[in-house]
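Take a look at the structure below. This briefing covers two of its features.

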Amino acid sequence: MYKIILFYKYVYIDDPKMERDLQFELCQRLGLKGRGIVANEGINCTFEGTSEACGEYMATMSADPRFADVHWKISDGTLDGTAFPRLSVKVRPEIVSLHLGNDEDINPNEITGKHLKPADLQKWYEEGEEFHIVDMRNDYELKVGKFEGTIFPELNNFRDLKKNLKKIENLKNKKVLTVCTGGVRCEKASGLLVREGFKDVYQLDGGIVSYMEQFPGKDFKGSLYVFDKRNTMHFDDPEAHEIIGKCDKCGVPSEHYVNCANLFCHDHFICCEDCLESNPPNHKSGGVAYCNWKCNIKWKLYLLKKNFLKKFA
Ligand SMILES: [Zn+2]
Ligand SMILES: [Zn+2]
C-alpha cells in the first residue's frame, strides 16, 4: 500500500544545501519518490512511498525540534508507487514565491492570516456565518473542484496575486478565508492580504485536503487537483462522487487533464478520453489535444519547418 505525504514548515533553515542533502539521503534510503524544496524560509515536500517508509520518514522528521509540530497530510498513493517519476529535492530562494522582491516578501512567521481549523469552517457553514472564501490556487486547479461560492482572483499563476488584489478590494472590511491545496500558499497569501489592509483574514489550516479528509463530499464540491500522476483526488465514496470538471472540447463531465501538444504552449486543461481518442494519434502514445486551433497550426508549422531544415540544410 503506497501513501503520499504532503507537508510544509516555515522555519528558518540555516544551511539549505546541507538540509537538502540530508533530505535526499533519507528519502533515498526509504525509497521515497517525489518533490522537495528547501529554502532559508522553510521546507515544502510531497513524497510517495510504502506506508512503512512514510511512517519512518515522519518519525525521523518529528524527532527534529524544527519539524516537531509539522502538520502531515496523508492520502492514498498510486497502486504501484509511481505518482512521481523520481526523487528530486532542490534548494530554492523561497518555498513558494509571490514574486514580491526581497524587501517586500512576506514572512509568515511575522505576518499571516488567522488559522481556521476545518471543524471551525464546518461550524461557520452550519451557523450561516457571513464569510468569503478566496481560492489562492491557479485557474486550472479550480476546474475540477472548489468550495461553493468561492471567489477566485483569477490567478494564472500564484505570482499574479499582488496585481490581482484590486479584484477583491471590496472584501477589505469583510471576513475573508483564503484556501489552497495544503495550506502552504495561504501562509503568504493571507499575510499579503493583512499587509494590504484587509481587516479580518483567515486561512484554512491544513488546506483543502484537510477539510476534504474530515468532511468528504461536503461544501467542497468535486475533486482536489494535485501535482502528481493522480492529477485529482477526493475522499468521498466513489459511487457518490460528483464530477464538476468539464471537457474543454465537448463539455461532458470529466476530470481528465492533458497538456496542450504544442510544446511551446503546454497549457494544462481538461479533455475527456473520447475527445482525446478522436484526435489524430501521436506516434505510439495515442491521441493528443491542443487548447485551440491556433496552437494546433502553430505546432504543425513548427514541425514542418524543422523537418524542412533537417532535409535541406
Ligand atoms: Zn470531450
Ligand atoms: Zn496550447
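The notes below deal with a sheet and then a helix. The model is predicted. Its open sheet has 5 strands. Helix α6, the second topic, covers residues 184-195.

**The sheet**
- The strand order is β4-β1-β3-β2-β5, and the pairing is mixed.
- The edge strands are β4 (73-76) and β5 (87-91). Each of these edge strands pairs on one side only.
- From one strand to the next, the twist averages 15°.
- In general, strands of a sheet pair through backbone hydrogen bonds, and they do so either parallel or antiparallel.

**Strands β1 and β3**
- Strand β1 (residues 2-10) and strand β3 (residues 42-50) run antiparallel. They are joined by 9 bridges.
- Leu6 stands opposite Thr46 in β3.

**A helix on the sheet**
- Helix α1 (residues 16-30) packs on the sheet. Helix α1 touches β2 (33-39), β3 and β5.
- The direction of α1 makes about 170° with that of β5.

**Helix α6**
- Helix α6 has 12 residues. From its first C-alpha to its last, α6 reaches 18 Å, close to the 16 Å expected at 1.5 Å a residue.
- Is α6 mostly covered or mostly open? It is mostly covered: 10 of its 12 residues are buried.
- Among the buried residues of α6 are Val184, Cys186, Ala189 and Leu193. Arg185, Glu187 and Lys188 in α6 are buried too.
- The cover over these buried residues includes β1, β3, α5 (161-164), β9 (175-179) and β10 (200-204).
- Gly197 follows α6, and its phi is positive, near 100°.

How values were computed:
Residues numbered from 1 in each chain as written. Chains lettered and ligands numbered in written order. Predicted model: local features only at pLDDT ≥ 70, side-chain atom pairs only at ≥ 80, totals over all residues. Pairing = 2+ DSSP bridges. Helix = DSSP H or I, 4+ residues; strand = E, 2+ residues; numbered from the N terminus. Axes fitted to C-alpha atoms, helices over the stretch in contact; angles between N-to-C directions. Contact = placed C-beta atoms within 7 Å. Expected span 1.5 Å × (residues − 1). Buried ≥ 20, exposed ≤ 12 C-beta atoms within 10 Å, placed from the backbone.
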